[in-house]
Amino acid sequence: HGGPGPWRGGPEPDPSGGGPEIRRAGGRRLRQLLFAAAAGKQIAVRRVLVPASVRKIAVTAFEGCTELEEIVVHPENTAYRSEDGGLYQGNVLLRVPRGRQGSIAVAEGTVDIAPGALRGCCLEEIVLPATVRSIGERAFEDCEKLRAVAIPAACKVKEWAFKGCRALSQISIGQGAVIDDYAFHALRRKS
């Protein structure tokens, strides 16, 4: 939240640049695009603006949006919020857009990383706050550019959480963390 932008009287986002934009989308068009994404169709959406009236977003809603870089939630939405382009519900990180690149810091106070929350992301670096206690199944699956991760102390890392993170070469595990079987399955092998 905060600062000028599409919800605070700032400039409207530019819909050009490779794909449609969902602006304050409601009703039929939003459902059509999210249904297409959930169905695994590849659609070129770069930014989604979630209105205040939205109360439910399916876990797989943005699965087919491979170019999605940002999710922005209206500040008056009481069910969801967005920070640094990611979608949150309470203290749970639900989704970071797959098209997001570079690095991201998960919001302070986040307790859980939802299953599949960062699946397929193009991030090279992610900073997890010390408050994270659970990393869900397949949370980082196929984040092929992710190079390093620091697991907070007393965090539980579920099965397949980092499956297919082929660039992952540095893993720091905090004291008391619990790592399930296959949490780091199919990492690149050093020769």
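Strands here are DSSP runs of E at least two residues long, numbered from the N terminus. With that in hand, here's a walk through this predicted model, starting with a loop.

Aspartate 142 is found in the loop between β9 and β10, and arginine 138 lies in the loop between β9 and β10 as well. Most residues other than glycine have a negative phi. Arginine 138 goes the other way, with a positive phi of about 60°, and aspartate 142 also has a positive phi, near 60°. As for accessibility, arginine 138 is partly exposed, since its relative accessible area is 30%. Aspartate 142 comes in at 34%, so it counts as partly exposed too.

Here's how a few residues line up on place and accessibility:

| Residue | Place | Relative accessibility |
|---|---|---|
| Serine 82 | strand β3 | 8%, buried |
| Glutamate 125 | strand β8 | 39%, partly exposed |
| Arginine 138 | loop between β9 and β10 | 30%, partly exposed |
| Aspartate 142 | loop between β9 and β10 | 34%, partly exposed |

Now the sheet. Seven strands make up an open, mixed sheet, running β3-β4-β5-β7-β9-β11-β13. Its edges are β3 and β13 (178–179), each of which pairs on one side only. Inside that order, β9 (residues 134–135) and β11 (residues 156–157) run parallel and are joined by two bridges, with serine 134 standing opposite lysine 156 in β11.

Back at β3, serine 82 sits within residues 81–83. Why does serine 82 count as buried? Its relative accessibility is 8%, and the cut-off for buried is under 20%. A polar atom of the serine 82 side chain lies 3.0 Å from the backbone nitrogen of valine 73.

What about the hydrophobic packing? Nonpolar side chains in soluble globular proteins tend to be buried together. The largest nonpolar core has 31 residues, and those with the most contacts inside it are Ile113, Leu118, Leu128, Ile135, Phe140 and Phe162. The elements giving two or more residues to this core are β5 (92–95), β8 (122–127) and β10 (148–151). A second, separate core of 14 residues includes Val50, Phe62, Ile71 and Tyr80. Leaving aside neighbours within four places in sequence, phenylalanine 162 has a list of contacts including Ile135, Phe140, Leu146, Val149 and Phe184.

Finally, over in β8 is glutamate 125. Not counting residues up to four places away in sequence, glutamate 125 touches Gly102, Ser103, Ile104 and Leu146. Glutamate 125 and alanine 148 are 23 residues apart in sequence, yet their C-alpha atoms are 6.5 Å apart in space.

Methods:
Residues numbered from 1 in each chain as written. Predicted model: local features only at pLDDT ≥ 70, side-chain atom pairs only at ≥ 80, totals over all residues. Heavy atoms only, no water. Helix = DSSP H or I, 4+ residues; strand = E, 2+ residues; numbered from the N terminus. Buried < 20%, exposed > 50% of the residue type's maximum accessible area, 1.4 Å probe, protein only. Polar contact = N/O pair within 3.5 Å; in protein donor to acceptor, adjacent residues only side chain to side chain. Core = buried A, V, L, I, M, F, W, Y, C linked by side-chain atoms within 4.5 Å. Contact = heavy atoms within 4.5 Å. Pairing = 2+ DSSP bridges.
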